[in-house]
Amino acid sequence: MDPEKLSLLSDDELRLLAEKMGIYVPDELERVFLIEEIIDAFEEDTSEKAFSHDTPGHVEEKKLAGHGFVPSQSEEIVIPDHYNETYISAIVRDPLWIFAYWDIAESLREKILAEFEEPKLLLRVSEIADSEKAFHYDVSVSFDDRKWYINVPYPKRSYRIDLCIAKTQKAKVIARSNVVRMPAQYMDMPSKLPQMTKSLLILSGSEDLNLIEPREENSLRILNMDGE
């Protein structure tokens, strides 16, 4: 079962698939964990079927377990590559990376191809903040791309991804993603440590390691803040 194809399904379709597979899904379960539950259940059912396909014990086990959905090797779940919708979704991978995936409806795709000889797409990454220092930057992708890993400059901040058509002087937004909140990259440490903790650090020899305090920004990303 392909995780990327599962990510193209809507929340309602994922929950319907989970229900058919006999998976209990709490209402508050997040989308990324729901996909993991479906993949785990599929792999578990497949391995059990390969281990004891038609043994009497397996038949009795299925009778006791009820009529759950158990896909066989000949009955493979077919998930379409796209759903003829224009959208973009964002998922947090870790404190400094976002996974974005998108699609463009056929009618809009034909309109863009008729208007532009070689259309280009942009992923506009915008920080969502109330302060005036909020920024954005663009990531160029091809018209045929449908997914991208995006490196963000700061953890513990919120971002949104806009799918845009690149024009000569400006970009036209055709889809806007959900807002994602990046987790912390390091564990927050109190400014004043207890004496016991200080004593343990001295005994561990950490003072001789010349440790450097972690910085908030992502040093792997070059970002010109003045031009944005």
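Which residues are buried in helix H2 (residues 11-20)? This is a predicted model, in which local features need pLDDT of at least 70, side-chain atom pairs count only at pLDDT 80 or more, and totals for chains, interfaces and linings use all residues. Residues are numbered from 1 along each chain as its sequence is written, and side-chain values use heavy atoms, with hydrogens and water left out.

Select H2, a helix in the sense of a DSSP run (H or I, at least four residues), numbered from the N terminus, and colour Leu 14, Leu 17 and Ala 18, which are buried (under 20% relative accessible area, with exposed meaning over 50% and partly exposed in between, for a 1.4 Å probe and protein chains only). Seen down the axis of H2, these buried residues fall within an arc of 100°, so they line one face of the helix; the arc is that of the directions from the helix axis to the C-beta atoms. On the face turned away from the buried side of H2, select the exposed residues Asp 12, Glu 19 and Lys 20. After H2 comes Gly 22, whose phi is positive, near 75°.

Move next to helix H3 (residues 31-51), where Glu 37 has its place, and note that Glu 37 is partly exposed, with a relative accessible area of 41%. Ile 35 also belongs to helix H3, but Ile 35 counts as buried, at 9% relative accessibility. To finish, select Ile 35 together with Arg 15: the two are 20 residues apart in sequence and 9.4 Å apart in space, taken from C-alpha to C-alpha.

Key. Helices (H or I, at least four residues) and strands (E, at least two) are DSSP runs, numbered from the N terminus.
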